[in-house]
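Work through the exercises below with the sequence and the 3D structure at hand. Try each task before reading its solution.

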Amino acid sequence: MNIDHRVIALIDMDCFYVQVEQRLQPEFLGKPCGVSQYYTWKGGGLIAVNYEARDFGVKRGMRGEQAKELCPDFHIFHVQEVNGKANLNRYRDASADVFRVLNANFKLVEKASIDEAYIDLTEDVQKLKDKKLQLTINDFSTTHLAGFTTKTEDERIEILNKWLNDCQLDDEKRNYDLLLGAHLVEQIRKKIKDETGFFCSAGIARNKILAKLCCGFNKPKKQTIFTQSDIDHIFDKTPVQKIQGLGGKAGERVVELFQVEYIGQLRKYSLDMLQTSMGEKDGCWLFNLIRGIETTPVSNRNLYKSISASKNFPGKTCLDTIDKIRTWCHNLAEDVFNRLEKDRAENKRRAKLLTVICTLATNETITRSCPINEYSIDRFANDTLRILKQYNKNSLTSNIFTPVIHHIGISAGKFLDNINTKSIADLFSKQTTKIETIISTENIINCQEEEEEDDNEEDNNTEENILEKPTLPIQGDFFRKFQKSDEQTKIQLKSENKTTTSSSSITSFFSRYTSNENILNCSPNKIDDHYITCSKCHKSILIWNMPEHEDFHYAHELQIEENKTNSIIKSSKTIKRKNTNQTLDSFINKKSKM
Ligand code: DCP
């Protein structure tokens, strides 16, 4: 597939939590509303605000009381609380309703957050081409073109109509597939509204970054097309930090380093200059991005990578006794447990790793993990408590905990798929269970400590958003794929007389600035010194690779058995690892290089 002819859409629900509440209480439809969390101080902190309220200047992050001063009719919905902790199930269930519609209609849907999804429409558009549709402006009642600010509906129609005719008449049909993509998105947005009651907006472009960017250009209830020819003049007015992946410290660093405000201002820097300052991979990524080239694929990911619960304990609400900490470990464990059980039933998978994050009064943020041997509230709670107790400077007999705790989060991840499949994969998974027992929960893994931004005095209820952010595109792995797959990138780079070999020795410029996006994401490739000794071969193995390593031993033992009896030879030759086409032989050969 030629990557530059992809058609990618980003669907983003409008003021999502407010719509979820309004669906339950329709009498508030059309009225200025917001959702607040923890109704404790000055009307609680607003985490979602609808567009009617935004017209009065009400913004996310304001206190409910402040919103009422700006807009006296402002109605506040409150996030449900269970055991003193925000319960987001209502929003998760509503999100599932939306994803059901998307999955029923498209093959390649990536869940980007609780209310955002990328869709790769390329194939659907190709199929639509065969139908030789004659589309009119009536098929695009909510569509806008990026780069055109239209004040009236007449203006919008005039501009879009011209573009629509150009697209259909253009012999090369350069933008025709974007047009067809926009047509599909108009239809799916209507379907979402009909089937769930929710409005959404969308961006349609050649890649995920542009789709994400332009989705925000005309919100709510609208969609925007970003054509390649508009890149330069739009980027000239787009602040660097509006680009996904450059929103946080990475963006700040780019602005500081190159003394620019808008992303388009970076065009004046050669590839060489960008790479010299940022490293080979990230310099190359940015060089291409500025020219509208970005090739991160839409991954068929509908499931969360981790299931988490967290809670802030600001100021006097801090946890200063073992009893309080025990209660909260239990509350959080219960939340995670209930969702894990639901996830296991629905998705046939099982989490293998429990990660605990905690912020102490000393401002230290600690992240520790341990294997999950079974789903159990008590087990999760006890493991969490045991980890936290390691940081207690008081005597073991005292109930007082010092330094006090201001944040606890627990997260279950590293899922093992297809746990119900009766196959050789099942045997592997059983073996994995044994391995976890060998490792035992006494082996607490020290994960790398990451900085957490102190964003609020209360939970901001964003565990989905924090934890489930799609992987940022600007990292080593991304570039390896990028340089291999994108013809245009190679041409671009050749014309600059540059080679694009990926260098593992170059520290990724961006990886140093993205940690706040993935606070709880204790990814194994970030930790390189946590090894355990394999009880079978006594090799030192990275703990996360242990299940796979043990699979190797298991497969090896099977191979020995295979050599012993002909019947086993026959059956074992057909054994394949799940999701791969490898035979047992190739599996063993590969693994024996470990
Ligand atoms: N959310 C949250 N805390 C935040 C940000 C968001 O709890 N700091 C929740 C409430 C939002 C939902 O996530 O409704 C989706 O977040 P979005 O950023 O997509 O914002 P909205 O959907 O509310 O508004 P918009 O229409 O601008 O996308």
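**Exercise 1. Find the strand order and the edge strands of the open sheet made of three strands.**

Step 1. The order is 3-2-4, and the pairing is mixed. Helices (H or I, at least four residues) and strands (E, at least two) are DSSP runs, numbered from the N terminus. Two strands pair if DSSP finds at least two bridges between them.

Step 2. Strand 3 (45-49) and strand 4 (75-78) are the edge strands, since each pairs on one side only. From one strand to the next, the twist averages 40°.

Step 3. Strand 2 (residues 33-37) pairs with strand 4 in the parallel sense, over four bridges. Cys-33 has His-75 of strand 4 as its bridge partner.

Step 4. Helix 1 (residues 16-24) packs on this sheet and touches strand 2, strand 3 and strand 4. The direction of helix 1 makes about 105° with that of strand 2. Axes are lines fitted to C-alpha atoms, for helices over the stretch in contact, and angles run from 0 to 180 degrees between N-to-C directions. Contact means heavy atoms within 4.5 Å.

A note on the model: it is predicted, local features need pLDDT of at least 70, side-chain atom pairs count only at pLDDT 80 or more, and totals for chains, interfaces and linings use all residues. Residues are numbered from 1 along each chain as its sequence is written, and side-chain values use heavy atoms, with hydrogens and water left out.

**Exercise 2. Work out which residues of helix 5 are buried and which are exposed.**

Step 1. Apply the cut-offs: buried means under 20% relative accessible area, exposed over 50%, and partly exposed in between (1.4 Å probe, protein chains only).

Step 2. In helix 5 (residues 122-130), the buried residues include Thr-122, Val-125 and Leu-128. They lie on the same side of helix 5 because they cover an arc of only 120° around the axis. The arc is that of the directions from the helix axis to the C-beta atoms.

Step 3. The face turned away from this buried side carries the exposed residues Lys-127 and Asp-130.

Step 4. Strand 8 (116-120) and helix 7 (176-196) are what the buried residues of helix 5 pack against. Just after helix 5, Lys-132 takes a positive phi of about 45°.

**Exercise 3. Identify the residues that touch the most other members of the largest nonpolar core.**

Step 1. A nonpolar core is a set of buried Ala, Val, Leu, Ile, Met, Phe, Trp, Tyr and Cys residues joined through side-chain atoms within 4.5 Å.

Step 2. The largest core has 57 residues, and those that touch the most other members are Tyr-17, Val-35, Leu-102, Leu-121 and Ile-192. Helix 7 gives the most to this core, with nine residues.

Step 3. Another core, of 35 residues, lies apart from it; among its members are Ala-112, Ile-243, Ile-263 and Val-298.

**Exercise 4. List the pairing partners of strand 16 and describe its cover.**

Step 1. Strand 16 (residues 400-416) is mostly covered, with 13 of its 17 residues buried.

Step 2. Strand 12 (residues 306-312) pairs with strand 16 in the antiparallel sense over seven bridges. One bridge pair is Ala-309 with Ile-410.

Step 3. Strand 13 (residues 319-321) pairs with strand 16 in the antiparallel sense over two bridges. Here Leu-319 has Ile-405 as its bridge partner.

Step 4. Strand 14 (residues 350-360) runs antiparallel to strand 16 and is joined to it by 10 bridges. Ala-351 is the bridge partner of Phe-415.

**Exercise 5. Locate the cis peptide bonds before Pro-220 and Pro-403, and the positive phi values of Lys-221 and Lys-414.**

Step 1. Most residues other than glycine have a negative phi, and most peptide bonds are trans.

Step 2. A cis peptide bond joins Lys-219 and Pro-220, with omega about -5°. Pro-220 lies in the loop between helix 8 (208-215) and strand 11 (223-225). Lys-221 is found in the loop between helix 8 and strand 11 and has a positive phi of about 60°. With 40% relative accessibility, Lys-221 counts as partly exposed.

Step 3. The bond from Thr-402 to Pro-403 is cis, with omega near -5°, and Pro-403 lies in strand 16. Lys-414 lies in strand 16 and has a positive phi of about 55°. Lys-414 counts as partly exposed, at 34% relative accessibility.
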